[in-house]
6 protein chains.
Amino acid sequence: MPYVQIQITREGATREQKAQLMRGVTDLLEQVLDKNPATTFVVIEEVETDNWGIAGETVTVLRERAQKAAVAP
Amino acid sequence: MPYVQIQITREGATREQKAQLMRGVTDLLEQVLDKNPATTFVVIEEVETDNWGIAGETVTVLRERAQKAAVAP
Amino acid sequence: MPYVQIQITREGATREQKAQLMRGVTDLLEQVLDKNPATTFVVIEEVETDNWGIAGETVTVLRERAQKAAVAP
Amino acid sequence: MPYVQIQITREGATREQKAQLMRGVTDLLEQVLDKNPATTFVVIEEVETDNWGIAGETVTVLRERAQKAAVAP
Amino acid sequence: MPYVQIQITREGATREQKAQLMRGVTDLLEQVLDKNPATTFVVIEEVETDNWGIAGETVTVLRERAQKAAVAP
Amino acid sequence: MPYVQIQITREGATREQKAQLMRGVTDLLEQVLDKNPATTFVVIEEVETDNWGIAGETVTVLRERAQKAAVAP
(Lines give C-alpha, C1' and ligand atoms only; values in the text may rest on other atoms or scores of the structure.)
Protein backbone atom coordinates (compact mmCIF):
# COMPACT_ATOMS: atom_id res chain seq x y z
CA MET A 1 0.00 0.00 0.00
CA PRO A 2 2.57 2.56 -0.98
CA TYR A 3 1.91 6.27 -1.23
CA VAL A 4 4.09 8.27 -3.59
CA GLN A 5 4.14 12.04 -3.91
CA ILE A 6 5.89 13.57 -6.91
CA GLN A 7 6.57 17.30 -6.81
CA ILE A 8 7.53 18.97 -10.06
CA THR A 9 7.40 22.53 -11.24
CA ARG A 10 4.27 23.47 -13.17
CA GLU A 11 5.76 23.80 -16.64
CA GLY A 12 3.33 22.11 -18.92
CA ALA A 13 3.38 18.40 -18.09
CA THR A 14 0.54 16.88 -20.09
CA ARG A 15 -2.19 14.59 -18.82
CA GLU A 16 -0.57 11.73 -20.75
CA GLN A 17 2.88 12.40 -19.25
CA LYS A 18 1.43 12.44 -15.77
CA ALA A 19 -0.38 9.15 -16.46
CA GLN A 20 2.95 7.69 -17.66
CA LEU A 21 4.60 8.68 -14.38
CA MET A 22 1.81 6.99 -12.42
CA ARG A 23 2.04 3.77 -14.42
CA GLY A 24 5.82 3.78 -14.24
CA VAL A 25 6.05 4.28 -10.49
CA THR A 26 3.28 1.74 -9.82
CA ASP A 27 5.01 -0.87 -11.99
CA LEU A 28 8.35 -0.17 -10.32
CA LEU A 29 6.92 -0.73 -6.85
CA GLU A 30 5.39 -3.99 -7.98
CA GLN A 31 8.59 -5.22 -9.61
CA VAL A 32 10.98 -4.21 -6.85
CA LEU A 33 8.91 -4.74 -3.70
CA ASP A 34 5.96 -6.82 -4.92
CA LYS A 35 3.54 -4.07 -3.91
CA ASN A 36 -0.07 -4.44 -4.97
CA PRO A 37 -0.96 -1.87 -7.68
CA ALA A 38 -4.58 -1.79 -6.47
CA THR A 39 -3.46 -0.02 -3.31
CA THR A 40 -0.63 2.08 -4.76
CA PHE A 41 -1.37 5.81 -4.75
CA VAL A 42 0.68 8.28 -6.78
CA VAL A 43 -0.05 11.97 -6.23
CA ILE A 44 1.54 14.61 -8.45
CA GLU A 45 1.92 18.16 -7.19
CA GLU A 46 2.71 20.82 -9.74
CA VAL A 47 4.36 23.77 -8.03
CA GLU A 48 4.50 27.28 -9.53
CA THR A 49 8.06 28.21 -10.52
CA ASP A 50 7.76 31.23 -8.19
CA ASN A 51 7.26 28.82 -5.31
CA TRP A 52 10.18 26.49 -5.93
CA GLY A 53 13.61 27.58 -4.79
CA ILE A 54 16.96 26.03 -5.50
CA ALA A 55 20.23 27.51 -4.30
CA GLY A 56 18.20 30.33 -2.76
CA GLU A 57 16.60 31.45 -6.03
CA THR A 58 13.24 30.79 -7.60
CA VAL A 59 13.05 28.52 -10.61
CA THR A 60 11.39 31.47 -12.39
CA VAL A 61 14.65 33.42 -12.10
CA LEU A 62 16.76 30.41 -13.08
CA ARG A 63 14.66 29.87 -16.21
CA GLU A 64 14.90 33.55 -17.22
CA ARG A 65 18.67 33.52 -16.81
CA ALA A 66 19.01 30.31 -18.84
CA GLN A 67 16.90 31.80 -21.62
CA LYS A 68 18.95 35.00 -21.74
CA ALA A 69 22.16 32.97 -21.90
CA ALA A 70 20.72 30.91 -24.74
CA VAL A 71 19.94 33.95 -26.90
CA ALA A 72 23.13 35.88 -26.09
CA PRO A 73 25.34 36.37 -29.17
CA MET B 1 0.48 20.34 18.71
CA PRO B 2 -0.54 17.93 15.99
CA TYR B 3 -0.37 18.69 12.30
CA VAL B 4 -2.75 16.82 10.02
CA GLN B 5 -2.74 16.88 6.25
CA ILE B 6 -5.75 15.50 4.40
CA GLN B 7 -5.38 14.88 0.69
CA ILE B 8 -8.55 14.32 -1.30
CA THR B 9 -9.38 14.64 -4.97
CA ARG B 10 -10.88 17.98 -5.98
CA GLU B 11 -14.44 16.90 -6.65
CA GLY B 12 -16.60 19.55 -5.09
CA ALA B 13 -16.12 19.32 -1.32
CA THR B 14 -17.92 22.34 0.10
CA ARG B 15 -16.59 24.87 2.57
CA GLU B 16 -18.93 23.41 5.20
CA GLN B 17 -17.77 19.83 4.57
CA LYS B 18 -14.15 20.90 4.88
CA ALA B 19 -14.93 22.70 8.15
CA GLN B 20 -16.61 19.51 9.38
CA LEU B 21 -13.46 17.51 8.66
CA MET B 22 -11.37 20.04 10.58
CA ARG B 23 -13.67 19.97 13.61
CA GLY B 24 -13.91 16.19 13.51
CA VAL B 25 -10.17 15.56 13.33
CA THR B 26 -9.44 18.18 16.00
CA ASP B 27 -12.01 16.65 18.37
CA LEU B 28 -10.66 13.17 17.71
CA LEU B 29 -7.12 14.19 18.62
CA GLU B 30 -8.37 15.79 21.82
CA GLN B 31 -10.45 12.74 22.79
CA VAL B 32 -7.86 10.10 21.95
CA LEU B 33 -4.59 11.81 22.84
CA ASP B 34 -5.65 14.84 24.88
CA LYS B 35 -4.14 17.17 22.29
CA ASN B 36 -4.85 20.87 22.69
CA PRO B 37 -7.20 22.09 19.91
CA ALA B 38 -5.61 25.57 20.05
CA THR B 39 -2.43 24.14 18.53
CA THR B 40 -3.97 21.53 16.23
CA PHE B 41 -3.54 22.32 12.54
CA VAL B 42 -5.55 20.58 9.83
CA VAL B 43 -4.58 21.30 6.23
CA ILE B 44 -6.71 20.01 3.36
CA GLU B 45 -5.18 19.57 -0.09
CA GLU B 46 -7.55 19.11 -2.99
CA VAL B 47 -5.76 17.33 -5.81
CA GLU B 48 -6.95 17.43 -9.44
CA THR B 49 -8.23 14.02 -10.57
CA ASP B 50 -5.62 14.12 -13.37
CA ASN B 51 -2.92 14.26 -10.68
CA TRP B 52 -4.06 11.37 -8.50
CA GLY B 53 -3.20 7.86 -9.59
CA ILE B 54 -4.39 4.58 -8.21
CA ALA B 55 -3.43 1.22 -9.67
CA GLY B 56 -1.44 3.13 -12.27
CA GLU B 57 -4.40 5.09 -13.66
CA THR B 58 -5.65 8.59 -13.04
CA VAL B 59 -8.82 9.09 -11.04
CA THR B 60 -10.13 10.97 -14.09
CA VAL B 61 -10.02 7.75 -16.09
CA LEU B 62 -11.51 5.70 -13.25
CA ARG B 63 -14.41 8.12 -12.92
CA GLU B 64 -15.10 8.07 -16.69
CA ARG B 65 -15.12 4.29 -16.73
CA ALA B 66 -17.46 4.11 -13.72
CA GLN B 67 -19.82 6.54 -15.39
CA LYS B 68 -19.88 4.57 -18.64
CA ALA B 69 -20.57 1.36 -16.72
CA ALA B 70 -23.42 3.09 -14.87
CA VAL B 71 -25.17 4.15 -18.07
CA ALA B 72 -24.55 0.92 -19.98
CA PRO B 73 -27.76 -0.94 -20.85
CA MET C 1 -9.22 7.53 -2.00
CA PRO C 2 -8.06 9.96 0.65
CA TYR C 3 -4.59 10.01 2.14
CA VAL C 4 -4.22 11.43 5.63
CA GLN C 5 -0.96 12.10 7.42
CA ILE C 6 -1.07 12.78 11.16
CA GLN C 7 2.08 14.18 12.75
CA ILE C 8 2.31 14.08 16.52
CA THR C 9 5.20 14.22 18.94
CA ARG C 10 6.49 10.83 20.06
CA GLU C 11 5.27 10.84 23.63
CA GLY C 12 3.89 7.41 24.22
CA ALA C 13 0.79 7.07 22.03
CA THR C 14 -0.21 3.41 22.33
CA ARG C 15 -0.99 1.00 19.51
CA GLU C 16 -4.65 1.12 20.53
CA GLN C 17 -4.76 4.94 20.53
CA LYS C 18 -3.21 5.03 17.08
CA ALA C 19 -5.76 2.48 15.83
CA GLN C 20 -8.52 4.70 17.29
CA LEU C 21 -7.22 7.67 15.31
CA MET C 22 -7.22 5.62 12.11
CA ARG C 23 -10.77 4.38 12.63
CA GLY C 24 -11.98 7.83 13.61
CA VAL C 25 -10.48 9.62 10.62
CA THR C 26 -11.63 6.92 8.21
CA ASP C 27 -15.20 7.07 9.57
CA LEU C 28 -15.18 10.86 9.40
CA LEU C 29 -14.18 10.85 5.73
CA GLU C 30 -16.93 8.37 4.97
CA GLN C 31 -19.58 10.36 6.84
CA VAL C 32 -18.64 13.79 5.55
CA LEU C 33 -17.52 13.07 2.00
CA ASP C 34 -18.73 9.53 1.35
CA LYS C 35 -15.17 8.32 0.85
CA ASN C 36 -14.64 4.58 0.54
CA PRO C 37 -12.84 3.24 3.66
CA ALA C 38 -11.20 0.49 1.58
CA THR C 39 -9.06 3.10 -0.15
CA THR C 40 -8.54 5.48 2.77
CA PHE C 41 -4.95 5.58 4.04
CA VAL C 42 -4.01 7.10 7.39
CA VAL C 43 -0.31 7.40 8.16
CA ILE C 44 0.87 8.48 11.61
CA GLU C 45 4.29 10.03 12.05
CA GLU C 46 5.65 10.27 15.55
CA VAL C 47 8.26 13.02 15.72
CA GLU C 48 10.90 13.26 18.47
CA THR C 49 10.26 16.23 20.76
CA ASP C 50 13.76 17.50 19.85
CA ASN C 51 12.63 17.69 16.23
CA TRP C 52 9.38 19.61 16.72
CA GLY C 53 9.56 23.36 17.19
CA ILE C 54 6.85 25.76 18.16
CA ALA C 55 7.42 29.46 18.68
CA GLY C 56 11.08 28.81 17.87
CA GLU C 57 11.67 26.32 20.69
CA THR C 58 11.73 22.54 20.78
CA VAL C 59 8.86 20.72 22.45
CA THR C 60 11.52 19.13 24.68
CA VAL C 61 12.28 22.55 26.16
CA LEU C 62 8.58 23.46 26.45
CA ARG C 63 7.86 20.22 28.32
CA GLU C 64 10.78 20.75 30.73
CA ARG C 65 9.62 24.29 31.49
CA ALA C 66 6.04 23.15 32.06
CA GLN C 67 7.24 20.46 34.44
CA LYS C 68 9.39 22.89 36.43
CA ALA C 69 6.46 25.30 36.71
CA ALA C 70 4.25 22.45 37.91
CA VAL C 71 6.58 21.52 40.78
CA ALA C 72 7.48 25.08 41.77
CA PRO C 73 6.30 25.95 45.26
CA MET D 1 20.81 18.19 0.12
CA PRO D 2 18.00 19.45 2.30
CA TYR D 3 14.40 19.69 1.20
CA VAL D 4 12.24 22.28 2.93
CA GLN D 5 8.51 22.68 2.54
CA ILE D 6 6.87 25.86 3.83
CA GLN D 7 3.10 25.89 4.10
CA ILE D 8 1.41 29.23 4.58
CA THR D 9 -2.08 30.49 3.96
CA ARG D 10 -2.61 32.14 0.57
CA GLU D 11 -3.00 35.72 1.70
CA GLY D 12 -0.98 37.76 -0.74
CA ALA D 13 2.67 36.85 -0.18
CA THR D 14 4.55 38.55 -3.01
CA ARG D 15 7.08 37.01 -5.35
CA GLU D 16 9.80 39.01 -3.59
CA GLN D 17 8.73 37.86 -0.12
CA LYS D 18 8.74 34.26 -1.26
CA ALA D 19 12.23 34.70 -2.74
CA GLN D 20 13.35 36.17 0.61
CA LEU D 21 12.10 33.07 2.43
CA MET D 22 14.02 30.85 0.02
CA ARG D 23 17.24 32.78 0.43
CA GLY D 24 16.83 32.96 4.20
CA VAL D 25 16.20 29.26 4.69
CA THR D 26 18.99 28.28 2.30
CA ASP D 27 21.47 30.55 4.11
CA LEU D 28 20.36 29.22 7.48
CA LEU D 29 20.97 25.62 6.44
CA GLU D 30 24.41 26.54 5.17
CA GLN D 31 25.33 28.43 8.34
CA VAL D 32 23.99 25.91 10.84
CA LEU D 33 24.67 22.58 9.12
CA ASP D 34 27.07 23.48 6.30
CA LYS D 35 24.57 22.31 3.70
CA ASN D 36 25.36 23.03 0.07
CA PRO D 37 22.99 25.70 -1.32
CA ALA D 38 23.27 24.17 -4.81
CA THR D 39 21.28 21.15 -3.62
CA THR D 40 18.93 22.88 -1.18
CA PHE D 41 15.31 22.89 -2.31
CA VAL D 42 12.70 25.16 -0.75
CA VAL D 43 9.10 24.60 -1.82
CA ILE D 44 6.36 27.01 -0.73
CA GLU D 45 2.75 25.87 -0.64
CA GLU D 46 0.10 28.53 -0.38
CA VAL D 47 -3.06 27.03 1.09
CA GLU D 48 -6.53 28.61 0.72
CA THR D 49 -7.81 29.94 4.05
CA ASP D 50 -10.85 27.65 3.62
CA ASN D 51 -8.48 24.69 3.63
CA TRP D 52 -6.47 25.53 6.75
CA GLY D 53 -7.95 24.73 10.12
CA ILE D 54 -6.75 25.70 13.55
CA ALA D 55 -8.62 24.84 16.73
CA GLY D 56 -11.22 23.18 14.52
CA GLU D 57 -12.09 26.32 12.55
CA THR D 58 -11.03 27.55 9.15
CA VAL D 59 -8.66 30.50 8.94
CA THR D 60 -11.36 32.16 6.81
CA VAL D 61 -13.64 32.21 9.85
CA LEU D 62 -10.85 33.32 12.20
CA ARG D 63 -10.00 36.24 9.90
CA GLU D 64 -13.64 37.33 9.63
CA ARG D 65 -14.04 37.29 13.41
CA ALA D 66 -10.82 39.26 13.92
CA GLN D 67 -11.99 41.86 11.42
CA LYS D 68 -15.40 42.25 13.08
CA ALA D 69 -13.72 42.64 16.47
CA ALA D 70 -11.43 45.31 15.01
CA VAL D 71 -14.31 47.44 13.72
CA ALA D 72 -16.57 46.93 16.73
CA PRO D 73 -17.26 50.16 18.59
CA MET E 1 14.38 19.45 -10.01
CA PRO E 2 11.76 16.98 -8.91
CA TYR E 3 11.29 15.83 -5.36
CA VAL E 4 9.75 12.41 -4.83
CA GLN E 5 8.68 10.93 -1.52
CA ILE E 6 7.90 7.23 -1.35
CA GLN E 7 6.12 5.96 1.74
CA ILE E 8 6.09 2.22 2.31
CA THR E 9 5.55 0.08 5.36
CA ARG E 10 8.75 -0.98 7.12
CA GLU E 11 8.77 -4.65 6.23
CA GLY E 12 12.32 -5.43 5.28
CA ALA E 13 13.05 -3.54 2.07
CA THR E 14 16.78 -4.00 1.50
CA ARG E 15 19.34 -1.32 0.74
CA GLU E 16 19.58 -2.67 -2.80
CA GLN E 17 15.81 -2.60 -3.33
CA LYS E 18 15.66 0.98 -2.11
CA ALA E 19 18.49 1.94 -4.46
CA GLN E 20 16.55 0.29 -7.32
CA LEU E 21 13.51 2.43 -6.53
CA MET E 22 15.66 5.57 -6.58
CA ARG E 23 17.25 4.69 -9.92
CA GLY E 24 13.93 3.68 -11.40
CA VAL E 25 12.07 6.84 -10.38
CA THR E 26 14.95 9.08 -11.45
CA ASP E 27 15.15 7.40 -14.87
CA LEU E 28 11.38 7.65 -15.29
CA LEU E 29 11.39 11.40 -14.62
CA GLU E 30 14.18 11.85 -17.13
CA GLN E 31 12.43 9.78 -19.82
CA VAL E 32 8.96 11.23 -19.38
CA LEU E 33 9.65 14.86 -18.51
CA ASP E 34 13.33 15.32 -19.38
CA LYS E 35 14.15 16.12 -15.75
CA ASN E 36 17.82 16.39 -14.83
CA PRO E 37 18.86 13.43 -12.63
CA ALA E 38 21.47 15.61 -10.90
CA THR E 39 18.70 17.56 -9.20
CA THR E 40 16.21 14.74 -8.71
CA PHE E 41 15.68 13.81 -5.05
CA VAL E 42 13.98 10.59 -3.99
CA VAL E 43 13.26 10.17 -0.29
CA ILE E 44 11.96 6.86 1.06
CA GLU E 45 10.03 6.78 4.32
CA GLU E 46 9.55 3.43 5.96
CA VAL E 47 6.52 3.55 8.23
CA GLU E 48 5.91 1.06 11.08
CA THR E 49 2.96 -1.23 10.32
CA ASP E 50 1.35 0.03 13.58
CA ASN E 51 1.38 3.53 12.09
CA TRP E 52 -0.19 2.79 8.72
CA GLY E 53 -3.93 2.43 8.52
CA ILE E 54 -6.06 1.25 5.66
CA ALA E 55 -9.83 0.84 5.88
CA GLY E 56 -9.55 1.98 9.49
CA GLU E 57 -7.21 -0.81 10.59
CA THR E 58 -3.47 -0.98 11.07
CA VAL E 59 -1.40 -2.94 8.58
CA THR E 60 -0.17 -4.94 11.60
CA VAL E 61 -3.70 -6.28 12.09
CA LEU E 62 -4.20 -6.88 8.36
CA ARG E 63 -0.96 -8.89 8.17
CA GLU E 64 -1.90 -11.01 11.20
CA ARG E 65 -5.31 -11.80 9.75
CA ALA E 66 -3.81 -12.71 6.36
CA GLN E 67 -1.33 -15.04 8.08
CA LYS E 68 -4.03 -16.78 10.10
CA ALA E 69 -6.11 -17.26 6.95
CA ALA E 70 -3.09 -18.75 5.18
CA VAL E 71 -2.50 -21.40 7.85
CA ALA E 72 -6.15 -22.23 8.43
CA PRO E 73 -7.02 -25.81 7.43
CA MET F 1 0.17 29.84 11.31
CA PRO F 2 2.90 28.45 9.09
CA TYR F 3 4.00 24.84 9.07
CA VAL F 4 7.56 24.12 7.95
CA GLN F 5 9.04 20.70 7.35
CA ILE F 6 12.80 20.39 7.01
CA GLN F 7 14.17 17.12 5.67
CA ILE F 8 17.87 16.48 6.09
CA THR F 9 19.96 13.35 6.07
CA ARG F 10 20.61 11.86 9.51
CA GLU F 11 24.29 12.68 9.84
CA GLY F 12 24.71 13.93 13.37
CA ALA F 13 22.85 17.25 13.62
CA THR F 14 22.91 18.14 17.30
CA ARG F 15 19.98 19.17 19.47
CA GLU F 16 21.41 22.69 19.56
CA GLN F 17 21.76 22.89 15.76
CA LYS F 18 18.19 21.73 15.32
CA ALA F 19 16.99 24.35 17.81
CA GLN F 20 18.94 26.98 15.82
CA LEU F 21 17.11 25.96 12.64
CA MET F 22 13.76 26.27 14.41
CA ARG F 23 14.55 29.72 15.79
CA GLY F 24 15.96 30.87 12.47
CA VAL F 25 13.01 29.76 10.37
CA THR F 26 10.49 31.11 12.89
CA ASP F 27 12.24 34.51 12.96
CA LEU F 28 12.41 34.59 9.18
CA LEU F 29 8.67 34.00 8.82
CA GLU F 30 7.98 36.76 11.31
CA GLN F 31 10.31 39.22 9.57
CA VAL F 32 9.24 38.52 6.01
CA LEU F 33 5.53 37.77 6.37
CA ASP F 34 4.71 38.98 9.89
CA LYS F 35 3.72 35.47 10.93
CA ASN F 36 3.03 34.91 14.63
CA PRO F 37 5.79 32.75 16.19
CA ALA F 38 3.29 31.31 18.69
CA THR F 39 1.61 29.40 15.88
CA THR F 40 4.65 28.61 13.75
CA PHE F 41 5.52 24.91 13.66
CA VAL F 42 8.88 23.64 12.42
CA VAL F 43 9.27 19.88 12.08
CA ILE F 44 12.66 18.35 11.28
CA GLU F 45 12.86 14.93 9.67
CA GLU F 46 16.20 13.19 9.70
CA VAL F 47 16.34 10.64 6.90
CA GLU F 48 18.79 7.71 6.83
CA THR F 49 21.40 8.14 4.09
CA ASP F 50 20.25 4.79 2.64
CA ASN F 51 16.79 6.33 2.15
CA TRP F 52 17.82 9.54 0.37
CA GLY F 53 18.59 9.39 -3.30
CA ILE F 54 20.06 12.03 -5.53
CA ALA F 55 20.85 11.45 -9.20
CA GLY F 56 19.59 7.89 -8.72
CA GLU F 57 22.10 6.97 -6.02
CA THR F 58 21.83 6.82 -2.24
CA VAL F 59 23.62 9.44 -0.20
CA THR F 60 25.39 6.51 1.50
CA VAL F 61 27.08 5.67 -1.79
CA LEU F 62 27.86 9.32 -2.55
CA ARG F 63 29.50 9.76 0.85
CA GLU F 64 31.62 6.61 0.43
CA ARG F 65 32.81 7.74 -2.99
CA ALA F 66 33.67 11.23 -1.70
CA GLN F 67 35.65 9.70 1.16
CA LYS F 68 37.61 7.39 -1.15
CA ALA F 69 38.41 10.30 -3.44
CA ALA F 70 39.60 12.31 -0.44
CA VAL F 71 42.09 9.65 0.67
CA ALA F 72 43.30 8.69 -2.81
CA PRO F 73 47.01 9.48 -3.31
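These are my notebook entries on a predicted model.

**Entry: the annotated domain**

I began with the UniProt record. An unreviewed entry there gives "domain: 4-oxalocrotonate tautomerase-like" for residues 2-60 of chain A. I looked up the make-up of that stretch. Over residues 2-60 of chain A, 36% is helix and 32% is strand. The C-alpha atoms at the two ends are 32 Å apart.

**Entry: chains A and E**

Next I laid chain E on chain A. A turn of 180 degrees, with a shift of 0.0 Å along the axis, brings chain E onto chain A at an RMSD of 0.0 Å. I noted this as the relation of a two-fold axis. Which residue of chain E comes closest to the rotation axis? I found Q5(E), with its C-alpha at 2.6 Å. Then I checked the interface. Of the interface residues of chain E, 100% are also interface residues in chain A, so the copies meet through the same surface.

**Entry: the annotated active site**

I went back to the UniProt record for P2(A). The unreviewed entry places the feature "active site" at P2(A). P2(A) sits in the segment before β1 (3-9) of chain A. Is P2(A) buried or exposed? Its relative accessibility is 0%, so I count P2(A) as buried. I then listed what P2(A) touches, leaving out residues up to four places away in sequence. From chain A the list has L29(A), K35(A), T39(A), T40(A) and F41(A). F41(C) is on the list too. Chain E contributes Q7(E), I8(E) and W52(E).

**Entry: strand β1 of chain F**

I turned to β1 (residues 3-9) of chain F. How many of the 7 residues of this strand are buried? I got 7 of the 7, so β1(F) is largely enclosed by the rest of the structure. In a regular strand, side chains alternate between the two faces of the sheet. I therefore checked each side of β1(F), and both faces are covered. Y3(F), Q5(F), Q7(F) and T9(F) are buried on one side. V4(F), I6(F) and I8(F) are buried on the other.

I looked up the strand partners next. β1 (residues 3-9) of chain D pairs with β1(F) in the antiparallel sense, over 5 bridges. There, V4(D) has I6(F) as its bridge partner. Within chain F, β1(F) pairs with β2 (residues 41-47) in the parallel sense, over 7 bridges. Y3(F) has F41(F) as its bridge partner in β2(F). With helix α1 (residues 15-33) of chain F, β1(F) and β2(F) make a right-handed β-α-β unit.

**Entry: positive phi at A55**

I scanned backbone angles. Most residues other than glycine have a negative phi. A55(C) has a positive phi of about 55 degrees, although it is not a glycine. I placed A55(C) in the loop between β3 (52-54) and β4 (57-58) of chain C. Its relative accessibility is 39%, so A55(C) is partly exposed. I then looked at A55(E), where phi is positive and near 55 degrees. A55(E) lies in the loop between β3 (52-54) and β4 (57-58) of chain E. At 39% relative accessibility, A55(E) counts as partly exposed.

**Entry: D50(F)**

My last look was at D50(F), in the loop between β2 and β3 (52-54) of chain F. D50(F) is buried, with a relative accessible area of 17%; the cut-off for buried is under 20%. Leaving aside neighbours within four places in sequence, D50(F) contacts R15(E), K18(E) and M22(E) in chain E. In chain F, D50(F) contacts T58(F) and T60(F). The side chains of D50(F) and T60(F) are joined by a polar contact of 2.6 Å. I also took the spacing to D27(F): 23 residues in sequence, and 32 Å in space from C-alpha to C-alpha.

Notes: Residues numbered from 1 in each chain as written. Chains lettered and ligands numbered in written order. Predicted model: local features only at pLDDT ≥ 70, side-chain atom pairs only at ≥ 80, totals over all residues. Heavy atoms only, no water. UniProt positions renumbered as here; feature names shortened; annotations may be inferred. Helix = DSSP H or I, 4+ residues; strand = E, 2+ residues; numbered from the N terminus. Least-squares fit on C-alpha atoms with pLDDT ≥ 70 in both. Contact = heavy atoms within 4.5 Å. Buried < 20%, exposed > 50% of the residue type's maximum accessible area, 1.4 Å probe, protein only. Pairing = 2+ DSSP bridges. Right-handed = clockwise from strand over helix to strand, strands pointing away. Polar contact = N/O pair within 3.5 Å; in protein donor to acceptor, adjacent residues only side chain to side chain.
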